[in-house]
Amino acid sequence: MWVTEDRRIGQELLPDGCYDEARGERASAYTGRYTVTGSHVDHVDGTGFTAAGDIRDGVAYHEQLVLQRE
């Protein structure tokens, strides 16, 4: 589980290549698939929306979000 500092956004990267993102009180606000290439992570949600990020020094930089591993 990766969370923002204020814990309002949490993203779980599951071992089967799926992800589940909670936003505020909305559990499973976004779900979809992800792939990892080195330290780069690509996401595609159920609507086809794509997002990307990188993990550097134990911190995930996902589009405009900064997430710490919980």
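Begin with the lining of the largest pocket in this predicted model, whose residues divide into 5 nonpolar, 4 polar and 4 charged. The volume of this largest pocket is about 210 Å³. To find its middle, select Glu21, Arg23, Phe49, Ala51 and His62, which are the closest to the centre among the 13 residues that line the pocket. Two elements, strand 3 and strand 5, give two or more residues to this lining, and strand 3 gives the most, with 3 residues.

Next, colour strand 3, residues 18–23, together with strand 2, residues 9–13, and follow how the two pair in the antiparallel sense over 5 bridges. One bridge to pick out joins Leu13 to its partner Tyr19 in strand 3. The two strands form a hairpin with 4 residues between them, and in that turn you can select Gly17, which has a positive phi of about 90°.

Now stay on strand 3 and add strand 4, residues 26–37, which pairs with strand 3 in the antiparallel sense, again over 5 bridges. Here the residue to select is Asp20, whose bridge partner in strand 4 is Thr31. Strand 3 and strand 4 also form a hairpin, with 2 residues between them, and Gly24 in the turn has a positive phi of about 60°.

From there, move to His43, which lies in strand 5. Is His43 buried or exposed? With a relative accessible area of 4%, His43 is buried, because the cut-off for that class is under 20%. Show the side chains of His43 and Gln11, and you will find a polar contact of 3.1 Å joining them. Beyond residues up to four places away in sequence, His43 touches Gln11, Leu13, Tyr19, Arg33, Tyr34, Phe49, Thr50, Ala51 and His62, so that displaying these residues as sticks gives a view of the surroundings of His43.

With His43 still selected, turn to the enclosed space in the model. The structure holds 1 cavity of 30 Å³ or more, and about 80 Å³ of space lies in the largest cavity. Strand 2, strand 5 (40–45), strand 6 (50–56) and strand 7 are the elements that give two or more residues to its lining. To display the lining, select Trp2, Gln11, Leu13, Val41, His43, Gly53, Asp54, Ile55, Ala60, Tyr61, His62 and Leu67. Sorted by type, the residues of this lining are 7 nonpolar, 4 polar and 1 charged.

The last stop is Glu63, in the loop between strand 7 (59–62) and strand 8 (65–69). Glu63 has a relative accessible area of 49% and is partly exposed, because that value falls between the 20% and 50% cut-offs. Which residues does Glu63 touch, not counting those up to four places away in sequence? They are Ala51 and Ala52. If you draw a distance between C-alpha atoms, Glu63 and Ala51 are 6.6 Å apart in space, although they are 12 residues apart in sequence. Finally, display the backbone nitrogen of Ala52, which lies 2.7 Å from a polar atom of the side chain of Glu63.

Technical notes: Residues numbered from 1 in each chain as written. Predicted model: local features only at pLDDT ≥ 70, side-chain atom pairs only at ≥ 80, totals over all residues. Heavy atoms only, no water. Pairing = 2+ DSSP bridges. Buried < 20%, exposed > 50% of the residue type's maximum accessible area, 1.4 Å probe, protein only. Contact = heavy atoms within 4.5 Å. Polar contact = N/O pair within 3.5 Å; in protein donor to acceptor, adjacent residues only side chain to side chain. 1 Å grid on protein atoms, 1.4 Å probe; cavity = no way out; pocket = protein on both sides within 12 Å on 5 of 7 lines; lining within 4 Å. Points joined across faces, edges and corners; volume = space filled by probe spheres on them. Nonpolar A, V, L, I, M, F, W, Y, C, P; charged D, E, K, R; others polar.
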